[in-house]
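Open the model in your viewer and keep the selection panel at hand. The stops below go from the whole chain to single side chains.

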Amino acid sequence: MSGEADQGNAEWQQFSACRGSNTELFFPRDGEAHHVRLSRERSAKKLCDACPVARNSRSVSL
């Protein structure tokens with residue numbers, strides 16, 4: 001893949017709500033308790049719901 005293509009594919013990242021967020025928010029830990037998982041998933045979904053990139057993606061695919 002060319003550098004230009006890589007740059008185009010990553011451009012969305014500069015506008016994402018999760019930019020700079022801890023990636024652990026989106027991935028379960030080994031042995032994660034059920035209530036901890038539910039809380040983590042709620043937080044991740046809240047971040048995605050407020051994200052202009054995700055919102056744009058949802059409207060384009062509809």
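Colour the chain by relative accessible area: of its 62 residues, 8% count as buried. Buried means under 20% relative accessible area, exposed over 50%, and partly exposed in between (1.4 Å probe, protein chains only). Add a surface next. The chain exposes about 5200 Å², and carbon and sulfur atoms supply 54% of that area; accessible areas come from the Shrake-Rupley method with a 1.4 Å probe, and for residues only the protein chains shown count as cover.

This is a predicted model: local features need pLDDT of at least 70, side-chain atom pairs count only at pLDDT 80 or more, and totals for chains, interfaces and linings use all residues. Residues are numbered from 1 along each chain as its sequence is written, and side-chain values use heavy atoms, with hydrogens and water left out.

Switch to cartoon. The chain has three helices and zero strands, in the pattern α-α-α along the sequence. Both are DSSP runs, numbered from the N terminus: helices are H or I of at least four residues, strands E of at least two.

Select helix 2, residues 34–49, and pick Arg37 within it. Arg37 is partly exposed, at 28% relative accessible area. Show its side chain with that of His34: the two make a polar contact at 3.0 Å (a pair of N or O atoms within 3.5 Å; within protein, one must be able to donate a hydrogen and the other to accept it, and residues adjacent in sequence count only if both atoms are side-chain atoms). Now add Phe26. Phe26 is 11 residues from Arg37 in sequence and 9.9 Å away, C-alpha to C-alpha.

Last stop: cysteines. How many disulfides does a search of the whole structure find? Zero, with a disulfide taken as a pair of cysteine sulfur atoms within 2.5 Å. Select Cys18: the nearest cysteine sulfur, that of Cys51, is 6.0 Å away.
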